[in-house]
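Colleague: Could you walk me through the aromatic contacts here, with the reasoning behind each label?

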Amino acid sequence: MIIDLTSTTSAEIASALLKARRNAGSPAMGMVGTIVVVVDEASHHDAMKAANEAGREHPSRVLVAILRPGRGTGGLDAEVRVGEGIPGEAVLLRLHGELAKVPESVITPLLLPDSPVIVWWPGGGPKVPNEDPLGALGRRRVTDAAATRRGSVDFTVRAEGYAPGDTDFAWSRLTGWRALMAAALDQYPTKVTGAEVVSAKGNASADLMAAWLQSRLGVPVEQRISRGPGITAVRMFTPAGPIALTRPDGAVATFSIPGQPDRPVALKRRNTSELLSEELRRLDPDDVYAQTLGCLVEREKMPASAKVVSDVDRRSAQTAAEKAAARTTKVAGKAASPELEAAGKTGGGSSSAVTKKTAAGKTAAGKKTAARKTTAKKTVAKKASAAAKSARKSVAAKKAAPAAKKAAGKAVAKKATGKRVAGRS
């Protein structure tokens, strides 16, 4: 149901909401909060769509305020929407003239009683959200630095005027990144000597990611530029090798830990409704975000040399990665290349030294093989000579056997003749 109200008041809007709810057959309100969206005419459609999608998880009353300040007489036009695929209630408010300078006078009577209020600025938001007239009504104040041209400058100002309840979508976009990097150190506890964040130029989330790593680890964090989209890689350098989370396509990331195989991880870039739903899940102050903002201000004051990872840390991490690759190849039962084995034993020497060692190893192996072949030939020749001698002896023995037998027979006959002669005499 859609109800259009022209030149109306807050009381008439409240009555229209009650009437629409009764006509829809739900006299009781099932909303858990109020979402106040402050937008311009060009972007109000997308903002209302995102708020309604988030309302499927958190049914709320959505008040979309379009401010049109000017010198003319103040006026209020409204559009009330109940049902029609909307999980809660939605009111589109257009404030004209002098009334646009005091929007809180229109919004306050429409807030749900005894329920939290979340104020959201899709177009960036004020420099100090807590000092904004509508921001003062909210328990949570959500901005989006990515919608501004100079997000890092806005963060510096917001850090100085931070109040409990402030947050930003640039921080919400880091939830998956922060969870994976923290889980990596839980699975593989080690000392981190440096870190780096690679992202597209001017990415506000990358600034917050670098500040968060520095505040948590207390090490230099370097920011590098890539083609995007968004953040493409986060690496932590350790003595055993780099812990890396790389996402070149904005959808699937590769999670790398020293000594373990690489793993694909779903890490897609979330849309606005998903980010808003996350912010609606928790209404308490985000202390980690406040500490990160403070560290971001400190990083702005630091010299450039203090935000660069040393070449020693990079080389040690690369050497450790090469050793780990060599060990993994051996454990898997695969023949590693001589270059990789040499790098694993010597700690990654120069390529020329590895080549010389490999050539020397091949020459020594060739000499040993030739010596073994020569020895085998001599052994075979000796055995053949001994067999020939044995054969010759056997033939001679066979030829001498008949002559010896004949001589023995003659001797026996002669002896018998002698005995007969002796007997006659």
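Colleague: What makes Trp171 count as buried?

Modeller: Remember that this is a predicted model. Trp171 has a relative accessible area of 2%, and buried means under 20%, so Trp171 is buried. Tyr289 also comes out at 2% relative accessibility, so Tyr289 gets that label too.

Colleague: Why is the contact of Trp171 and Tyr289 called a tilted aromatic pair?

Modeller: The ring centres are 5.6 Å apart, and the rule asks for centres within 6.5 Å, so they pair. The planes make 50 degrees; under 30 would be stacked and over 60 edge-to-face, so tilted is what remains. Trp171 belongs to helix α5 and Tyr289 to helix α9 (residues 287-301), so this pair ties together parts 118 residues apart in sequence. Tyr162 joins Trp171 and Tyr289 in one aromatic cluster.

Colleague: How do you know that the charge of Arg178 sits over the ring of Trp171?

Modeller: The charged end of Arg178 is 4.1 Å from the ring centre of Trp171, and the distance limit is 6 Å. Arg178 also sits over the ring of Trp212, at 5.8 Å from its centre.

Colleague: How many aromatic pairs does the rule give?

Modeller: The count is 3. One of them is Trp120 with Phe169, at 5.8 Å centre to centre and 55 degrees between the planes. Because 55 degrees falls between the 30 and 60 cut-offs, this pair is tilted. Trp120 is in strand β6 (residues 117-120) and Phe169 in helix α5 (residues 169-172), so the pair links parts 49 residues apart in sequence. Both Trp120 and Phe169 are buried.

Technical notes:
Residues are numbered from 1 along each chain as its sequence is written. This is a predicted model: local features need pLDDT of at least 70, side-chain atom pairs count only at pLDDT 80 or more; totals for chains, interfaces and linings use all residues. Side-chain values use heavy atoms; hydrogens and water are left out. Rings of Phe, Tyr and Trp (its six-membered ring) pair if their centres lie within 6.5 Å; planes under 30 degrees apart count as stacked, over 60 as edge-to-face and the rest as tilted. Helices (H or I, at least four residues) and strands (E, at least two) are DSSP runs, numbered from the N terminus. Buried means under 20% relative accessible area, exposed over 50%, partly exposed in between (1.4 Å probe, protein chains only). A charge sits over a ring if NZ of Lys or CZ of Arg is within 6 Å of the ring centre and within 35 degrees of the ring normal.
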